[in-house]
Amino acid sequence: MEGTINIESICADDWEEVRAIYLEGIATGHATFQKEAPSWEEWDLGHNAECRIIARLDGAVVGWAAVSPVSSRSVYAGVGEVSVYVSQNYNGKGMGSLLLRSLIEKSEQSGFWTLQSSIFPENIGSLKLHINHGFREVGRRERIGKMDGVWRDTILLERRKLS
């Protein structure tokens, strides 16, 4: 891939490009239970400010990753849920790996000791990406939610801080 890739923090000015990539993921039916992207304000409130990044290639956002808290209880302050989305034009080019590796580093610097991700079993690429970055399968959550009237399973993966 030609060009310069920069990893940067997400800010409000990036939202439209981030949202467009999120909508691509939603359209696959295998990235999230969400049916539409939230507003910037809603998304901003739901994600850790230190742990949300974009990959920018020659000025354009081509992927993003973020950590959401799993609970408001203080005992779980270091446990976060990971989201990684890459523009369909850049799938299979190492962008997801770059984003996830950078997000893991940022999350550990920010005090997270456990990262988790719930992935549809059909999303083979995402499962492989997470496993390649030290996540392990915890289990299958059967019939965890309905999508378009159909029960869906997710695979729960987690990664513990190494030190």
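Is Val-70 buried, partly exposed or exposed? In this predicted model, Val-70 has a relative accessible area of 33%, so it counts as partly exposed, because that class lies between the 20% limit for buried and the 50% limit for exposed. You will find Val-70 in the loop between strand 3 and strand 4 (79-86). There it joins Val-75 and Tyr-76 in a nonpolar patch on the surface, and together these residues offer about 240 Å² of accessible area.

From the surface, let us turn to the aromatic residues. The structure holds 8 aromatic pairs. A pair of aromatic rings is described by the distance of the centres and the angle of the planes. Take Trp-15 and Trp-40 as a starting point: their ring centres are 5.8 Å apart and their planes meet at 55 degrees, so this pair is tilted. It also links distant parts of the chain, since Trp-15 belongs to helix 1 (residues 15-28) and Trp-40 to helix 2 (residues 40-45), 25 residues apart. Both partners are covered: Trp-15 is buried, with a relative accessible area of 4%, and Trp-40, at 15% relative accessibility, counts as buried as well.

Stay with helix 2 for another pair. The rings of Trp-43 and Trp-64 have centres 5.6 Å apart, and their planes stand at 85 degrees, so here the arrangement is edge-to-face. Because Trp-43 lies in helix 2 and Trp-64 in strand 3 (residues 60-69), the contact ties together parts that are 21 residues apart in sequence. Trp-43 and Trp-64 are both buried. If you now step back, you can see these four tryptophans in a wider setting: ring pairs link Trp-15, Tyr-22, Trp-40, Trp-43, Trp-64 and Tyr-85 into a cluster.

An aromatic ring can also have a charged neighbour. Look at Phe-120, where Arg-152 lies over the face of the ring, at 3.9 Å from its centre.

Finally, follow the chain to a hairpin. Strand 6 (residues 136-147) and strand 7 (residues 150-160) pair in the antiparallel sense, over 8 bridges. To trace one of these links, begin at Arg-136, whose bridge partner in strand 7 is Glu-158. At the turn, 2 residues lie between the strands, and Asp-148 there takes a positive phi near 55 degrees.

Methods
Residues numbered from 1 in each chain as written. Predicted model: local features only at pLDDT ≥ 70, side-chain atom pairs only at ≥ 80, totals over all residues. Heavy atoms only, no water. Pairing = 2+ DSSP bridges. Helix = DSSP H or I, 4+ residues; strand = E, 2+ residues; numbered from the N terminus. Phe/Tyr/Trp six-rings, centres within 6.5 Å; stacked < 30°, edge-to-face > 60°. Buried < 20%, exposed > 50% of the residue type's maximum accessible area, 1.4 Å probe, protein only. Lys NZ or Arg CZ within 6 Å of the ring centre and 35° of its normal. Patch = residues over 30% accessible without salt bridge, like charges linked within 9 Å, V, L, I, M, F, W, Y side chains within 5 Å. Areas by Shrake-Rupley, 256 points an atom, 1.4 Å probe, with all protein chains shown as cover. Salt bridge = Lys/Arg side-chain N within 4 Å of Asp/Glu carboxyl O.
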